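Me: I've got a new structure open and I'd like to learn how to read it. Could you walk me through it, one feature at a time?

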Amino acid sequence: MTQQEIARRLEEVRSRMQRAMEAAGRKPGQVLLCAASKTQSPETVALAAGLDIDLFGENRVQELVDKFDKGAYGGKRADMIGHLQTNKVRQTVGRAGMIQSVDSEKLLRCIQAEAARQQLVQPVLLEINIGGEASKTGAAADLLWPMLEAAEDCPNLLVQGLMTVPPKADTEAENRAMFARMYRLFCQAGERGYARSRMEVLSMGMSSDFEAAILEGATLVRVGSSIFGPRNYTV
Ligand SMILES: *Cc1c(COP(=O)(O)O)cnc(C)c1O
């Protein structure tokens, strides 16, 4: 894809975001656009990095490492948004601006140990499986509290909020109800006032539903195909 083609698609995404933000009474800059760049080549990502994208999101550690080390993100932040195995934590900490997909206490502690080793503070989000589907990644909602407790003992972590990928909904109302449930959890977590956690980032919404997510309180949307076109998984 050429940079003009990406720019044209991006403009469309930005205006959809704008309309949703206006409808939700949100101010410009209150919702970040994360370009989900899985399967996109370092060359394509470098073209996109020159455009109006706030940050990138990768699903696979190998892609994050490859594009990061080639400078494809052009100095922009790149987050880990896919399931992270503990044996890949070493390569991820320090490269990922934020690890959005922390879904267990074990992973939390593993990231803490690596961040301590690298002498840095790693921002993270806790990923919640809000729909409770067996096939989805993310921790069950009732595990949020023990994870937040565990984070209290992790001086090299900064929990900045929550992330979710909701189940496919049959209707717009169902979709919004799922995002609303996530927003309530986010507010509850903020109210409980954990010293090492700040509930500032609520990452939810993808190409098909980011307007609904913004209406329900998302502060960061992760958009792939609406920016880059349909993914080609064979490359
Ligand atoms: C791929 C992906 C997205 C973006 O999906 P699109 O439907 O292409 O916008 C968002 N979040 C996660 C975790 C993803 O894996």
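Reply: Sure, let's start with burial. A residue is buried when its relative accessible area is under 20%, exposed when that area is over 50%, and partly exposed in between, using a 1.4 Å probe and protein chains only. Keep in mind that this is a predicted model, where local features need pLDDT of at least 70, side-chain atom pairs count only at pLDDT 80 or more, and totals for chains, interfaces and linings use all residues. Residues are numbered from 1 along each chain as its sequence is written, and side-chain values use heavy atoms, with hydrogens and water left out.

Me: Let me try that on one residue. Is F56 buried or exposed?

Reply: F56 has 0% relative accessibility, so F56 counts as buried.

Me: Next, helices. How do I read one?

Reply: Helices (H or I, at least four residues) and strands (E, at least two) are DSSP runs, numbered from the N terminus. A helix also has an expected span, which is 1.5 Å times one less than its number of residues. Take α1, residues 3-23: its 21 residues should span 30 Å, and the end C-alpha atoms are indeed 30 Å apart.

Me: Which residues of α1 are buried?

Reply: They are I6, L10, V13, R16, M17, A20 and M21. Those residues cover an arc of only 135 degrees around the axis (taken from the directions from the helix axis to the C-beta atoms), which puts them on the same side of α1. Turn to the other side of α1 and you'll find Q4, R8, E11, R19, E22 and A23 exposed.

Me: What covers the buried residues of α1?

Reply: For that you need contacts, meaning heavy atoms within 4.5 Å. The cover includes strands β1 (32-36) and β8 (220-223), along with helices α2 (42-49), α8 (210-215) and α9 (225-228). After α1 comes G25, with a positive phi near 70 degrees.

Me: How does α5 look when I read it that way?

Reply: Helix α5 covers residues 105-117, and its 13 residues reach 18 Å from first C-alpha to last, close to the expected 18 Å. Its buried residues are L107, L108, I111, Q112, E114 and A115. These pack against α4 (89-92), β4 (99-102), β5 (122-127), α6 (144-151) and β6 (157-163). Just past α5, Q119 has a positive phi of about 55 degrees.

Me: Now rings. How many aromatic pairs are there?

Reply: First, the rule: rings of Phe, Tyr and Trp (its six-membered ring) pair if their centres lie within 6.5 Å; planes under 30 degrees apart count as stacked, over 60 as edge-to-face and the rest as tilted. A search of the whole structure turns up two pairs. One is F56 with Y73, tilted, at 5.3 Å centre to centre and 45 degrees between the planes. F56 is in strand β2 (residues 55-58) and Y73 in the loop between α3 (61-69) and β3 (77-80), so this pair ties together parts 17 residues apart in sequence. Y73, at 2% relative accessibility, counts as buried. In the pair of Y183 and F186, the ring centres are 6.2 Å apart and the planes at 35 degrees, so this pair is tilted. Both residues are in helix α7 (residues 172-192), three residues apart, about one turn of the helix.

Me: Can a charge go with a ring too?

Reply: The idea here is that NZ of Lys or CZ of Arg is within 6 Å of the ring centre and within 35 degrees of the ring normal. In this model, the charged end of R192 sits over the ring of W145, 3.6 Å from its centre.

Me: Last one. How many salt bridges does the count give?

Reply: Look for a side-chain nitrogen of Lys or Arg within 4 Å of a carboxyl oxygen of Asp or Glu. That rule gives twelve salt bridges. Among them, R14 and D52 meet at 3.2 Å, N to O. This pair links distant parts of the chain, with R14 in helix α1 and D52 in the loop between α2 and β2, 38 residues apart.

Me: What about a salt bridge inside one helix?

Reply: Try E105 and R109, whose closest N and O atoms are 3.3 Å apart. Both lie in helix α5, four residues apart, about one turn of the helix. Shared partners can also build a network, and salt bridges of that kind join R14, D52 and D54 into one.
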